[in-house]
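Welcome! Here is a short briefing to help you find your way around a structure that may be new to you. Take a look at the sequence and the model first, then read on.

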Amino acid sequence: MSVIERIKSQLESNPVVLYMKGSPDFPQCGFSGQAVQILDACGAKYAYVNIFEDPELREALKSYSNWPTYPQLYIAGELVGGCDIMTDLYQKGELAKMLDAVASVAE
């Protein structure tokens, strides 16, 4: 399976995916940590991919998404954006609605 096929499979298999540096329990950059805090504040259920564990995916995702930085949040297979966009959407109350639309909010 090519790296692009792996990315597509991850996005098809999970309604919400966060590509991040580290893990939710041990984020390895401030922006990834903030992204986790935002998703947790929304009560989101999400999959994550630690880009440090897969250098090939780390580079390919930049081209796939046309987004150069991490973290990257995808909802329903579509790139939402990075930490700054997540913060803005969260503050406006829009991120919770987007997560709810894909039934990814814990009851």
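In this predicted model, the axes of helix 4 and helix 5 cross at roughly 95° and come within 5 Å of each other. That crossing makes helix 4 roughly perpendicular to helix 5. The points below start from this pair and then move on to the sheet.

**Where helix 4 meets helix 5**

- From helix 4, the residues Met-86, Leu-89 and Tyr-90 take part, and they meet Glu-94, Leu-95 and Met-98 in helix 5.
- Sorted by class, this contact between helix 4 and helix 5 has five nonpolar residues, one charged residue and no polar ones.
- If you follow the chain past the end of helix 4, you come to Gly-93, which has a positive phi near 80°.

**The two sides of helix 4**

- Helix 4 spans residues 83-91, and its buried residues are Cys-83, Met-86, Thr-87 and Leu-89.
- These buried residues lie on the same side of helix 4, because they cover an arc of only 170° around the axis.
- As general background, an α-helix has 3.6 residues a turn, so residues three or four places apart point the same way.
- Asp-84 and Gln-91 are exposed on the other side of helix 4.
- What do the buried residues of helix 4 pack against? Their partners are strand 1 (16-20), strand 3 (72-75) and strand 4 (78-81), together with helix 2 (30-41) and helix 5 (94-101).

**The sheet**

- Four strands form an open sheet with mixed pairing, and their order is 2-1-3-4.
- Strand 2 (47-50) and strand 4 are the edge strands, each pairing on one side only.
- On average, neighbouring strands of this sheet are turned by 25° against each other, direction ignored.
- Strand 1 and strand 2 run parallel and are joined by four bridges.
- Within this pairing, Tyr-19 has Val-49 in strand 2 as its bridge partner.

**Helices that lie on the sheet**

- Helix 1 (residues 3-13) packs on the sheet, where it touches strand 1, strand 2 and strand 3.
- The direction of helix 1 makes about 135° with that of strand 1.
- Helix 2 lies across strand 1 and strand 3, and runs at about 160° to strand 1.
- To link this back to the start, helix 2 is also among the elements that the buried residues of helix 4 pack against.

Note on methods. Residues numbered from 1 in each chain as written. Predicted model: local features only at pLDDT ≥ 70, side-chain atom pairs only at ≥ 80, totals over all residues. Heavy atoms only, no water. Buried < 20%, exposed > 50% of the residue type's maximum accessible area, 1.4 Å probe, protein only. Helix = DSSP H or I, 4+ residues; strand = E, 2+ residues; numbered from the N terminus. Arc of directions from axis to C-beta. Contact = heavy atoms within 4.5 Å. Axes fitted to C-alpha atoms, helices over the stretch in contact; angles between N-to-C directions. Parallel < 35°, antiparallel > 145°, perpendicular 65-115°, else oblique. Nonpolar A, V, L, I, M, F, W, Y, C, P; charged D, E, K, R; others polar. Pairing = 2+ DSSP bridges.
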